Amino acid sequence: MDGIKTTAGVVTAAAVVMVFVFLTFATLSMIQLKEMGVGLAVAVLLDATVVRALLLPATMKLLGPRNWYLPRWLGWLPRPSRPVPPPAVPPDGPPARPPVGAMGP
């Protein structure tokens, strides 16, 4: 779920840009381009809102660890591993703070 949270802003911004670009096709004179522009704008809007905001998190919550199931025939793919985050505080305690008014290096 962290991946969804961290990419939500980028995906939403890209979807907004794409919707506006496709809606500009609706201002053209050719009827085929108007149809394509409106259709693509609606498709991107549905994907960004319904699929990514509702269906994806709900499906991931329901499937749990089965989200990451890899079929045996795809075993040749490299398996990603989660990086271990560094500890918040070093084992020997927080770094010493210089005294107030001390000059830097």
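Leu46 lies in helix α2 of this predicted model. The helix spans residues 31-63, and its axis comes within 7 Å of that of helix α1, residues 2-25. The two axes cross at roughly 165°. Because angles over 145 degrees count as roughly antiparallel, α1 is described as roughly antiparallel to α2. The crossing of α1 past α2 is left-handed. Sorted by class, the residues in the contact of α1 with α2 comprise 19 nonpolar, one polar and two charged.

Leu46 is also part of a nonpolar patch on the surface. The other members of this patch are Val16, Phe20, Leu23, Val38, Val42, Val50, Val51, Leu54 and Leu55. Together, the residues of the patch have about 850 Å² of accessible area. Both helices contribute to the nonpolar patch, with at least two residues supplied by each of α1 and α2. Helix α2 provides the largest share, seven residues. Nonpolar residues thus appear both in the contact of α1 with α2 and in the surface patch to which these helices contribute.

Technical notes: Residues are numbered from 1 along each chain as its sequence is written. This is a predicted model: local features need pLDDT of at least 70, side-chain atom pairs count only at pLDDT 80 or more; totals for chains, interfaces and linings use all residues. Side-chain values use heavy atoms; hydrogens and water are left out. Axes are lines fitted to C-alpha atoms, for helices over the stretch in contact, and angles run from 0 to 180 degrees between N-to-C directions. Helices (H or I, at least four residues) and strands (E, at least two) are DSSP runs, numbered from the N terminus. Angles under 35 degrees count as roughly parallel, over 145 as roughly antiparallel, 65 to 115 as roughly perpendicular and the rest as oblique. A crossing is left-handed if the near helix is turned anticlockwise from the far one by less than a right angle, and right-handed if clockwise. Ala, Val, Leu, Ile, Met, Phe, Trp, Tyr, Cys and Pro count as nonpolar, Asp, Glu, Lys and Arg as charged, and the others, Gly among them, as polar. Patches are made of residues with over 30% relative accessible area and no salt bridge: like charges are joined within 9 Å, nonpolar side chains (Val, Leu, Ile, Met, Phe, Trp, Tyr) within 5 Å. Accessible areas come from the Shrake-Rupley method with a 1.4 Å probe; for residues, only the protein chains shown count as cover. A salt bridge is a side-chain nitrogen of Lys or Arg within 4 Å of a carboxyl oxygen of Asp or Glu.
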